[in-house]
Amino acid sequence: MIGQRKILLSERDLPKKWYNIMHDLPKPVAPPLHPGTKQPAGPDDLKPIFPMGLIEQEVTTSEYIDIPEEVLDAYSLWRPTPLHRAYGLEKALGTPAKIYYKNESVSPAGSHKPNTAVAQAYYNRREGVKRLATETGAGQWGSALAFASSLFGIEVQVYMVRVSYDQKPYRKFLMQSWGADCVASPSNLTNTGRAALQANPDNPGSLGLAISEAVEDAAGRADTNYALGSVLNHVVIHQSIIGMESKQQLASINEYPDVVIGCAGGGSNFGGIAAPFVRDKISGKNVDVIAVEPSSCPTLTRGKFAYDFGDVAMMTPLLKMHTLGHGFMPPSIHAGGLRYHGMAPIVSAMMDQNLIRALAYHQNATFEAGILFAKTEGILPAPESTHAIKAAIDEALKAKQEGKSKVILFNLSGHGMFDLASYDKYLQKQLVDHEMPDSEIQKAIKELPVI
Ligand SMILES: Cc1ncc(COP(=O)(O)O)c(C=O)c1O
């Protein structure tokens, strides 16, 4: 008989504070710059689109931040999430490694995104905001914010990247069920969207473009704020709950990971699971922390660490991050949530300070890993999460080759039940792996702002 499959925490054990890695990073995260003056952006620059509660978290270096009671109440709908031992996957690989995965797919929206969505909805509501505008790639963030805002009585306008809007119509229905309005981006609702459509009526959209539309919407209406599902410091801080619970769960069975893995689009789920372990690494612990991205959007592995805009229309503050250039249009791969030109400044700082490393995989290899995971562990993973699974499998096979019994922890950031059209394409051998020529990356990077 196999041993304990699920390592569970009780609701009483739900962490009451978020952890902020900015307290412990050897070198500080560079401040955001105003897009016009290129001087450090202060609270007044961010106030038109963010609530003060979140602006404070964006700049604080406090070690911990108390999680408000109403957010804890919302978290208790699905948190603490289970940590699973992947016995089925280990057996299929014949590896001596122990593989654990944190199951963030059990949230109402099916991913880690509600961890920050409920916090953002709470702080906006506390400051009287009636409406939020946001972008979404795969639809995971849009549905998470729609869910969270329904709890806190806020209206939501979602700009969904066209290619995902077409590939994943069911996410739109989910957002609508929670009361949000969802349009394809580029849309006719904003100047940025109209200009993009005029230049190319078949524009597949990108996260960078959808962000521009949502920021323009929020900046143009007094009753509306903007909400971002990744990248920013406060988002990574909210996601630290993933790593804090995981550490507690592993400690309860006297385990500590040799390897910690997460997929990285804007860096929030990776930053969230990684943060408490990176802190240990800073204090001398030997732990290998790996961010995994698509080869077709290789931000950490081939991008430049520089100040860049978070969006195509150059409206957001400049962030110091690994970037492929704000004008980079990633190919229409099926892990829509990983199609972003930039990376969270916190994750970029970890990379720059050699606290983590990064890997990139093509989508056919990750879908193959996702199918093996579904067959052995039962859960059909989100295409984004299959990147983490592929790296965990490779680490487990390396352990087998070396005859080492490693402990591998990865984050299952979401399930793929709304991504069945992508699995259909994979199973029908219709998925294309996009090689990204150096010339294309160099072209996009050339347009980086001069600071
Ligand atoms: C399931 C899932 N995992 C990962 C990501 C990537 O985002 P991040 O890098 O911010 O975690 C997304 C983004 O939409 C997602 O939906």
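**Group meeting: two domains, two sheets**

Let me open with one pair of residues: Asn103 sits opposite Leu412 of strand 15. Before I go on, keep in mind that this is a predicted model. So, what surrounds that pair?

Strand 5, residues 98-103, and strand 15, residues 407-412, run parallel and are joined by six bridges. Further along strand 15 there's Phe410, and Tyr101 stands opposite that one. Now look across to strand 10, residues 259-263, which also runs parallel to strand 15, this time with three bridges. Which residue stands opposite Phe410 there? That's Ile261. So Phe410 has Tyr101 opposite and Ile261 opposite as well.

Is strand 15 enclosed or open to the outside? Five of its six residues are buried, so the rest of the structure largely encloses strand 15.

Okay, zoom out to the whole sheet. It's an open one with seven strands, ordered 1-4-5-15-10-11-14, and the pairing is mixed. At the edges you've got strand 1 (6-7) and strand 14 (357-361); each has a single partner strand, so each is left with one side that has no neighbour in the sheet. If you want the general picture, strands of a sheet pair through backbone hydrogen bonds, and they do it either parallel or antiparallel.

There's another sheet to look at. Four strands make up this open one, in the order 8-7-6-9, and here the pairing is parallel. Strand 8 and strand 9 (224-226) are the edge strands, each pairing on one side only. From one strand to the next, the twist averages 25°. If you'd like a specific pair to click on, strand 6 (residues 131-136) and strand 9 pair over three bridges in the parallel sense, and Leu132 has Asn225 in strand 9 as its bridge partner.

Which helices pack on this sheet? One is helix 6, residues 140-152, which touches strand 6, strand 7 (155-161) and strand 8, with its direction at about 160° to that of strand 6. Another is helix 10, which touches strand 6, strand 7, strand 8 and strand 9, and its direction makes about 170° with that of strand 6.

Helix 10 (residues 207-219) also has helix 9 for company: their axes come within 8 Å and cross at roughly 145°. On the helix 9 side we have Asn191, Thr192, Gly193 and Ala196, and they meet Leu209, Ser212, Glu213 and Glu216 of helix 10. By class, that contact has two nonpolar, four polar and two charged residues.

Just ahead of helix 9 is a residue I'd like you to find: Ser187, in the loop between strand 8 (181-185) and helix 9 (191-199). Buried or exposed? Count the other C-beta atoms within 10 Å: there are 22 for Ser187, and the cut-off for buried is 20 or more. So Ser187 is buried. Beyond its neighbours within four places in sequence, Ser187 is in contact with Tyr159, Gly193 and Glu213. There's also Val161, 26 residues from Ser187 in sequence and 9.5 Å away in space, C-alpha to C-alpha.

Now the domains. Domain 1 covers 6-13 + 69-110 + 239-446, and domain 2 covers 18-29 + 36-66 + 113-226. Their C-alpha centres are 21 Å apart. Where they touch, 46 residues of domain 1 are in contact with 44 residues of domain 2. On the domain 1 side, at least two residues each come from helix 3 (69-75), helix 11 (233-252), helix 12 (268-282), helix 14 and helix 17 (420-427). Helix 12 gives the largest share, six residues. By class, that side of domain 1 splits into 25 nonpolar, 15 polar and six charged.

Two of those helices deserve a closer look. Helix 11 crosses helix 2 (residues 52-59) at roughly 85°, with the axes coming within 8 Å, which makes the two roughly perpendicular. Leu54, Gln57 and Glu58 of helix 2 meet Asn233, His234 and Ile237 of helix 11. That contact has two nonpolar, three polar and one charged residues.

The other is helix 14, residues 345-352: seven of its eight residues are buried, so the rest of the structure largely encloses it. The buried ones are Pro345, Ile346, Val347, Ser348, Ala349, Met350 and Met351. After helix 14 comes Asn354, and its phi is positive, near 55°. That's where I'll stop.

Conventions
Residues are numbered from 1 along each chain as its sequence is written. This is a predicted model: local features need pLDDT of at least 70, side-chain atom pairs count only at pLDDT 80 or more; totals for chains, interfaces and linings use all residues. A residue is buried if 20 or more other C-beta atoms lie within 10 Å of its own, exposed if 12 or fewer, and partly exposed in between; C-beta atoms are placed from the backbone. Domain bounds come from an automatic or database domain assignment. Two residues are in contact if their C-beta atoms, placed from the backbone, lie within 7 Å. Ala, Val, Leu, Ile, Met, Phe, Trp, Tyr, Cys and Pro count as nonpolar, Asp, Glu, Lys and Arg as charged, and the others, Gly among them, as polar. Axes are lines fitted to C-alpha atoms, for helices over the stretch in contact, and angles run from 0 to 180 degrees between N-to-C directions. Angles under 35 degrees count as roughly parallel, over 145 as roughly antiparallel, 65 to 115 as roughly perpendicular and the rest as oblique. Two strands pair if DSSP finds at least two bridges between them.
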